[in-house]
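Work through the exercises below with the sequence and the model open side by side. Try each task before reading its solution.

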Amino acid sequence: MIDSKEKLCEVLEIRGGKDLKGTIEISGAKNSALPNMAATILTDDTVELHNVPTLLDVKTMIHLLQHIGSDIYDLSGGVIRFRLKDLNSLEAPYDLVSKMRASILVLGPLLARFGYAQVALPGGCSIGTRPVDLHLEAFRKMGAEIKVEHGYIIGKVAGRLKGAVIKFPRKTVTGTENVLMAAVLAEGETVIENAALEPEVVDLANMLKKMGADIEGEGTDVIRVRGVRNLNGVTHKIIPDRIEAGTFAILSALFDGKIVIKNYPFEYLTYVHKIFEKIGFNIVKIGDNQVAVVRSERLNPVAVETKEYPFFPTDLQAQIMTLLTVVKGRSSVTENIFENRFMHVPELQRLGAEIRIKGRTAYINGVEKLTGAEVKATDLRASAAMVIAGLIAEGKTLIYDIYHLDRGYENIDSKLKLLGAEISRI
Ligand code: UD1
């Protein structure tokens, strides 16, 4: 695990234009590990998670669970054991929540098992306002009294949460997960309508079912949950990270298939592959769970729009835009999920990209090549885009505020070094 005392360097230096080749392996999914870790609150038995990535966000969730009272043993190799037997606190404090919005995921499990929770309001973040109103509305419908006071969400339940029909006015990933975790211990049936379909929601439902939860419909628009009194312990393996996989697939495309990706969750990226094919990249399967992305003769500009799963993920928007900066012709990228997720555009411009923003759409005029410059990592996925850009740019790129990268990409420097990248922290 990353040691919290370890001093994290904040600048990444990349010497671009090197010919990258070799094999890179995909880690466990951050966005699956976090809700599954929060779900360990739901039982007083031991839960053992496998394939947990070594990331700052995982470390933050560990601190939060330890603060609540969980005994946590890192058995190394991505295996972590959790047990919440003796409660220490029902509060998720501001210093932890402010580091990671996904801390809100402890609210549902705490209300369901202990009937009380106090969670700091996550507040805004660099990619938009990102409210949690839909989570709170759902818990109210399930019988919780929810107040927001002094920057804290305070939830109380008299007895058990009650099953309810929760119809989300828009799809929300962590909203669906939070309600799912609350519903498994609620009294009666909960129906989640317009539920998120993401594979990470399905992974959470699969783990909860192994713990004894009665769930059906995960992976569809309507999830039905019949609450049970108790859940038992479980051993569960986290699914591979489709966003990390998509990021490396883009890199493989840029290096004409010389980068092979191992442990690749092919089925989660079907729509992304369609976009690759439109541009002129073919996905070549090499043995079990391995792919390379190979370029065809001619590349074409495309129009990409982000949309909830199974469509193009907002978490790959900055990375695909980086690729399109060097595809000849006029492409466009429209961001439909978050209102302020183009912070990487001025940074790409510093590297020589030609991009113009109009409303929710960025218009990209493909250039011959990018050239190294000093840039900033503005958020987690934008930082991956800067790394891709730095690797293909001519000359030296310095990426500041690189800690964002450590929140979501496991050992990215060493993985890239194995491919021959000249990358170092200074
Ligand atoms: C999750 C992912 C994040 C990804 C995002 C969209 C995790 C830990 N994070 O974030 O990586 O970028 O899905 O795929 O899984 N909204 C509201 N009110 C709410 C909740 C959401 O208005 O109560 C809005 C959001 O501001 C956003 C949209 O709904 O515009 C979708 O957000 P949501 O799916 O909830 O994103 P997260 O779960 O926070």
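A polar contact is a pair of N or O atoms within 3.5 Å. The structure shown is a predicted model.

**Exercise 1. Polar contacts of the ligand**

Task: Find what distance separates an oxygen atom of the ligand from the side chain of Arg170, and decide whether the pair is a polar contact.

Solution:
1. An N or O atom in the side chain of Arg170 is 3.1 Å from an oxygen atom of the ligand.
2. The cut-off is 3.5 Å, so this pair counts as a polar contact.
3. Treat Asn31 in the same way: one of its polar side-chain atoms lies 3.0 Å from a ligand oxygen.
4. For Asp133, the partner is a nitrogen atom of the ligand, and the distance is 2.7 Å.
5. Now consider cover: on its own the ligand has 740 Å² of accessible area, and the protein covers 88% of it.

**Exercise 2. The shell around the ligand**

Task: State how many residues surround the ligand and which helix gives the most to the shell.

Solution:
1. The ligand is surrounded by 18 residues.
2. The closest are Asp133, Thr172, Thr174, Asp315 and Ile337.
3. Sorted by class, the shell holds 7 nonpolar, 5 polar and 6 charged residues.
4. Two helices, α5 (133-141) and α6 (173-183), supply at least two shell residues each.
5. Of the elements, α5 gives the most, namely 3 residues.

**Exercise 3. The sheet that contains β1**

Task: Give the strand order of the open sheet that contains β1, and explain why β22 and β24 each have one side without a neighbour.

Solution:
1. The sheet has 4 strands in the order β22-β23-β1-β24, with mixed pairing.
2. β22 (374-376) and β24 (422-425) stand at the edges and have a single partner strand each, so one side of each lacks a neighbour in the sheet.
3. From one strand to the next, the twist averages 20°.
4. Inside the sheet, β1 (residues 12-16) and β23 (residues 395-400) run antiparallel and are joined by 5 bridges.
5. To locate one of these bridges, start from Gly16: its partner in β23 is Gly395.
6. Helix α12 (residues 380-392) lies across β1, β22 and β23, at about 35° to β1.

**Exercise 4. The sheet that contains β2**

Task: Which strands stand at the edges of the sheet that contains β2, and which helices lie across β16?

Solution:
1. The order in this open sheet of 4 strands is β2-β15-β17-β16, and the pairing is mixed.
2. β2 (22-25) and β16 (281-285) are the edge strands; each has a single partner, so one side of each is left without a neighbour in the sheet.
3. Neighbouring strands are turned by 30° against each other on average, direction ignored.
4. β16 runs antiparallel to β17 (residues 290-295), with 5 bridges between them.
5. Asn282 stands opposite Val294 in β17.
6. Helix α8 (residues 242-254) lies across β2, β15 (259-262), β16 and β17, at about 160° to β15.
7. Helix α9 (residues 270-279) lies across β16 and β17, at about 125° to β16.

**Exercise 5. The partners of β21**

Task: Which strands are joined to β21 by bridges, and how many residues lie between β20 and β21?

Solution:
1. β19 (residues 330-334) is joined to β21 (residues 361-365) by 5 bridges, and the two run antiparallel.
2. Here Val333 has Ala362 as its bridge partner.
3. β20 (residues 354-358) also runs antiparallel to β21, joined by 5 bridges.
4. Here Ile355 is the bridge partner of Ile364.
5. β20 and β21 form a hairpin with 2 residues between them, and Gly359 in the turn has a positive phi of about 60°.

Definitions and conventions:
Residues are numbered from 1 along each chain as its sequence is written. This is a predicted model: local features need pLDDT of at least 70, side-chain atom pairs count only at pLDDT 80 or more; totals for chains, interfaces and linings use all residues. Side-chain values use heavy atoms; hydrogens and water are left out. A residue is near a molecule or strand if one of its heavy atoms lies within 4 Å of it. A polar contact is a pair of N or O atoms within 3.5 Å; within protein, one must be able to donate a hydrogen and the other to accept it, and residues adjacent in sequence count only if both atoms are side-chain atoms. Accessible areas come from the Shrake-Rupley method with a 1.4 Å probe; for residues, only the protein chains shown count as cover. Ala, Val, Leu, Ile, Met, Phe, Trp, Tyr, Cys and Pro count as nonpolar, Asp, Glu, Lys and Arg as charged, and the others, Gly among them, as polar. Two strands pair if DSSP finds at least two bridges between them. Axes are lines fitted to C-alpha atoms, for helices over the stretch in contact, and angles run from 0 to 180 degrees between N-to-C directions. Contact means heavy atoms within 4.5 Å.
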